[in-house]
Structures are given as structure tokens and as C-alpha cells.
Amino acid sequence: METTIEKELYEILGDNHQMTSAETPMREDSFVKSDEDKMKVIEGHFYQIMHEMGMDMTDDSLRGTPHRVAKMFIKEIFSGLNPAAKPKISVFDNSYHYDKMLVEANISFNSTCEHHFLPITGKAHIGYISSGKVIGLSKLNRIVDYYSRRPQVQERLIMQIFNELKSVLETENVIVVMEAKHLCVSSRGIKDESSFTSTIQYGGVFNEKENRNDFFNLLKSE
């Protein structure tokens, strides 16, 4: 059993939106069970949660909810936990020798706060300068979507996207900005409806302020 002090510490950790690792914490046996077996277990647990809250699980509207939630968790909003769901990313030689900045702005994403399991919704903006490789524009969206579909902390999410782009593009010349609303802030706790959270991660030529300003100027023109 957890002590009162441990519970208070976990509350502080969650309210401050802190993370313990840049990698998503996963067990070594995370994918021993099939998706179908996981869904059966989650369905049973979620039935108990609804039952404990006093809901009438014989009601036609509620009877299928545990199954729907289990399917949603495994197949949809947390599908990014499974490496098998990672999009296949193809890169191409920069045969046209475009050596200036490319920006993909306003990429919508939906994620989930790992502390309260409430939605995080926002926009991602990505820029890079090719060092010889280019990537299809839609693949940038797919990378954002893949890492968003897991319980997250925004700081970890942007680092995972940033590191993936550096890896596939074989360059440090990458910049990522993310702006998001956290329902764990707007619907509970302080209940602030107007605030949003911004994060930025960059490397290579974007360590120079002039290049970062060029990126932000392009975002303003959108």
C-alpha cells in the first residue's frame, strides 16, 4: 500500500506535469499479450469502474461502453504505444538541391495527459533544412500523430518528434514548436479555460537566433 506521503508526492508530480523520462515508460513484456486479450482485460476493469461509480450497467446505453472504451484505448487513442503502429517513413535524396528552410505549420494533434488521462489538443509546427534528405509532407503529420497517440507529457512529446525527425532526415537542422490546451488544466484543478502551453525544441542551424526568427516569421505569414 502507498503511504500518504507517496500519494501526496504523486499529486505534486501530476499537478506540475513533470515527467520522469524522455522515453515513454514501458514494461519489457508490454506486447506479449495480443490486442484482443488486452481489450478483454480493460473492458472488465472499466466495467468495474463504472459499476463502482453507481452506474446501472444493465442500461442499453451503458452496456457496451466498457468494450467501446477498451477498443478506443488499444486501437485508437493509445495506438502509438505499439511499435508495430509506427508509420513507415521514406526519405528521398534532395535531387533538386533545395537548401533553404521547409516549414509545415498547423499540424493538428490530439494526445492524452498521462497524469489524469484527459485530452491534450493543439498544433505542431515543424521546420528543417535538408542535409541531403527530404521527407514527404504527409509523413511529418504521421510522425506527430504517432507520438501523440500515447499517454504523454508535452515536453516528452516534442522531444520524441524532434529526435525522430533528426534520425530520419539525418540532420540536426530541425525545429519543432507545439502549442496545446490541456483539459487537466481547463476542466479540473485551476479550471483555466484560456491558457495554453507552448514548447520548442531545436538544433543545428536553428541554434542561431536569425534562423529561428526566419522560422517564426514564416509561421506568422500563415
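These legends describe close-up views of a predicted model.

**View 1. Helices α5 and α6 pack against each other.**
Two packed helices are described by the angle between their axes and the distance between the axes. Helix α5 covers residues 137-148. Helix α6 covers residues 154-169. The angle between them is about 140 degrees, and their axes lie 9 Å apart. Angles over 145 degrees would count as roughly antiparallel, and 65 to 115 as roughly perpendicular. The α5 and α6 pair is therefore oblique. The crossing of α5 past α6 is right-handed.

**View 2. Helices α2 and α4 cross.**
Helix α4 runs over residues 65-77. Helix α2 spans residues 35-52. The two axes come within 8 Å of each other. They cross at roughly 135 degrees. That angle makes α2 oblique to α4. Which hand does the crossing of α2 and α4 have? It is right-handed.

**View 3. R68 on helix α4 and its partner in space, M39.**
R68 is part of helix α4. Is R68 buried, partly exposed or exposed? Its relative accessibility is 47%, so R68 counts as partly exposed. In sequence, R68 and M39 are 29 residues apart. In space, their C-alpha atoms are 9.4 Å apart.

**View 4. A nonpolar patch on the surface.**
Three residues make this patch: I49, M53 and M55. Its area is about 290 Å². M53 sits in the loop that joins α2 (35-52) to α3 (60-63). M53 counts as exposed because its relative accessibility is 59%, and the cut-off for exposed is over 50%.

**View 5. Salt bridge between D29 and R27.**
Side chains of opposite charge can pair when their charged atoms come close. How far apart are the closest N and O atoms of D29 and R27? They are 2.7 Å apart. The two partners fall into separate exposure classes. D29 has a relative accessible area of 39%, so it is partly exposed. R27 reaches 59% and therefore counts as exposed.

**View 6. More salt bridges across the model.**
The count for the model comes to ten salt bridges. One of them joins K100 and D99, at 3.0 Å from N to O. Another joins E172 and K166, at 3.4 Å from N to O. E172 is partly exposed, because its relative accessible area is 45%. D35, E36 and K75 go further and form a network of salt bridges.

**View 7. H97, a residue with positive phi.**
H97 has a phi near 55 degrees. This is a positive value in a residue other than glycine. Where is H97 found? It lies in the loop between β1 (91-93) and β2 (101-113). Its relative accessible area is 65%, so H97 is exposed.

**View 8. E170, also with positive phi.**
E170 is not a glycine, yet its phi is about 55 degrees. The residue lies in a loop. That loop runs between α6 and β6 (174-182). With 57% relative accessibility, E170 counts as exposed.

**View 9. F206, a buried loop residue.**
F206 belongs to the loop between β7 (197-202) and α8 (209-220). Is F206 buried or exposed? It counts as buried, because its relative accessibility is 0%. The cut-off for buried is under 20%. F206 and I129 are 77 residues apart in sequence. Their C-alpha atoms are 9.4 Å apart in space.

**View 10. F78 and R149, apart in sequence by 71 residues.**
F78 lies in the loop between α4 and β1. Its relative accessibility is 8%, so F78 counts as buried. How far apart in space are F78 and R149? The distance is 4.7 Å, C-alpha to C-alpha.

Conventions:
Residues numbered from 1 in each chain as written. Predicted model: local features only at pLDDT ≥ 70, side-chain atom pairs only at ≥ 80, totals over all residues. Heavy atoms only, no water. Patch = residues over 30% accessible without salt bridge, like charges linked within 9 Å, V, L, I, M, F, W, Y side chains within 5 Å. Areas by Shrake-Rupley, 256 points an atom, 1.4 Å probe, with all protein chains shown as cover. Salt bridge = Lys/Arg side-chain N within 4 Å of Asp/Glu carboxyl O. Helix = DSSP H or I, 4+ residues; strand = E, 2+ residues; numbered from the N terminus. Buried < 20%, exposed > 50% of the residue type's maximum accessible area, 1.4 Å probe, protein only. Axes fitted to C-alpha atoms, helices over the stretch in contact; angles between N-to-C directions. Parallel < 35°, antiparallel > 145°, perpendicular 65-115°, else oblique. Left-handed = near helix turned anticlockwise from the far one by under 90°.
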